[in-house]
Amino acid sequence: MKPIQLFRLLTIVCLICNFSCQIDDGFTNNDSQNTTSDAFSQFFGNEISRNFIGTIIDKNHTPIHGVTVTIGNETATTDSNGIFVINSATVNQRFGYIKAEKAGYIHASRSVVPTNGTNKVTIMMLDATVTGSVNSGSSETVTASNGSSVSFDGNFIKEDGSAYSGSVDVIMHHLDPADEDMPLQMPGMLYAENEDGEERMLQTLGMLAVELRGSGGEDLNLAEGSTSEIKIPVDASLMSIAPATIPLWYFDEINGYWKEEGEATLQGNMYVGTVSHFSFWNCDIPTKSSVLCLTLTDDNNAPLSNFQTTITSSIFGTTYGYTNENGEVCGYVPDDEILELNIFGPVICDTNVLLTQSIGPFITDTDITIVVPDNPSLVQETITGVLNNCDGDAVTNGYVQINYEDQTFLEYVTEGNFEFQISRCTNSDSNSFSLFGSDFSNYQTTESLEYTFMSPATDIGILNACFFQDEYIQYVIDDSIVVSYTDFIDVILGDDRFVIYKTTNGAFLADFPTQIGSYSVTADNFNIFNFNVPGSGYIFTGQEDVTINVTYIGNGVGDFIDMNFAGTFLNGGSTRTIAGAAHVRIDL
């Protein structure tokens, strides 16, 4: 069951703790737009260390493998289940920023108010399908099927600020607040800096994402002094509250929040505005806000995890989130307004709303503990166990996932032990659930196992993660160009050497001795490591300083080889960096 089935979201304010994003293309024609001012960063609070676990999905809600996820200086790659784990990430008390990147998708991200427990996020990535193409030196307009459009005067620049000449591919996505998936797709949370440097939360009436790519796949933007007209449709359900003029806000990819710049006017059912650079643009009504953190417990003061909370404003609509293992959920709420709080069980039963009450008004950051009374339609289940690696040692960086009916529950594992608190309906016909565990650091999992609830507590016992996950090759160029391959990878293991190659376009080749160790790519042996750099057609030519570490070599067909690599290479007279990893299955 998707959360939207509980209530219809007509307006979405910044989401409590756990919902999604898309972001800009990483540069503008005004460098100052990508700098957090000291005056604004003071709102974030002190630096803290927090744990994160999340799932990256596509528009079909299918997990995406091989996504690079970054929080501060910490980076992880999603596994075959689209899951990432980042432990002890440095964030701020009132603000944390998560970025997700993979070739074939536009950049994605999430901003959250971190909780004390494990922070769980879901990000839906949008594909980088070209909507239309224009040419430099020509005034042209690209229009999507829903009427959203962008006009161009023909002047474009590359990331280094130099002029671009040639064909320009335009990638464009319109996000509609009436779409149930918008919370999973939109940039960050609806948290912003206005023109006066003040923090605001936003009510969105529509967003437009635009990314520009050159003929070589390079990122482009508008030239200095150029402008474009954008048109963003307004859903019919929102026309009654749509003002004649509305502030425009762009998403700052570097800092992870929205910034006010210009305004749009309502023409029919379209907001029309002028912009000077491209990113995600948003038509929003701002308001003052404070951070609200809720902790849900039962009558015995035990935390209630995976419970959905919704907060409704008579002006700004409804926002929602889910409690973590400590019963916590945090987010921004509008100031000076009495709000309606509703608490729902993790599953739909005869009586789904467990508690409704008024809270607020708030004018400062506030923590509240809510005692949720027992409900006869729900059974509280505790599921415990131990997750070990294949050597029998406790997993120190992994997760366990439980699937029950149409619900999915994730728990982070740091010392082997895991515990789930979930609910099910007393009148449910289903008395079983499936479970699997992952040793995230070693790319190994358990099988998917079926269990029957032994109410009220089910002890799984010891699980051993001994199955390797799917293969991939991934590398990053200059900390910005992410390349990931998950199919058509062939690996030949010989007595003396092994060869890894991507069978299409000769995109990747590694040829090394069949032994664990570190190897250098030099002018003398450059042929042992070749790859393509998107946008340049570059292949290693011996002008490299790259080290490859082979960390695992399997015993034969069906087993895996693991390696990572990092260093620099020369391309067009410039030094560029590369870093990546491979986890590939032996074929021959």
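This short talk concerns strand β10 and the nonpolar core around it, as seen in a predicted model.

Let me begin with the strand itself. Strand β10 covers residues 149–152. In a regular strand, side chains alternate between the two faces of the sheet. In β10, Ser149 and Ser151 point to one side, while Val150 and Phe152 point to the other. Are these residues buried or exposed? All of them are buried, the two serines included.

I turn now to the neighbours of β10. Strand β9, residues 140–143, runs antiparallel to β10 and is joined to it by four bridges. Within this pairing, Thr143 stands opposite Ser149. Five residues lie between the two strands of the hairpin, and Gly147 there adopts a positive phi near 100 degrees. Strand β17, residues 228–233, is also antiparallel to β10, with two bridges between them. Here Ser149 faces Lys231. Ser149 therefore has Thr143 opposite in β9 and Lys231 opposite in β17, given that strands count as paired when at least two bridges join them.

Next, the core. Which residues have the most contacts inside the largest nonpolar core? They are Phe152, Leu212, Ile230 and Phe278, in a set of 30 residues. Several strands supply at least two residues each, among them β10, β13, β17 and β21. Strand β15 gives the most, with four.

Ile230 merits a closer look. Leaving aside residues up to four places away in sequence, Ile230 touches residues including Ser149 and Val150 of β10, as well as Leu208, Phe278 and Trp281.

Finally, there is a second, separate core of 28 residues, which includes Leu126, Ala192, Trp249 and Cys293.

Notes:
Residues numbered from 1 in each chain as written. Predicted model: local features only at pLDDT ≥ 70, side-chain atom pairs only at ≥ 80, totals over all residues. Heavy atoms only, no water. Buried < 20%, exposed > 50% of the residue type's maximum accessible area, 1.4 Å probe, protein only. Core = buried A, V, L, I, M, F, W, Y, C linked by side-chain atoms within 4.5 Å. Contact = heavy atoms within 4.5 Å.
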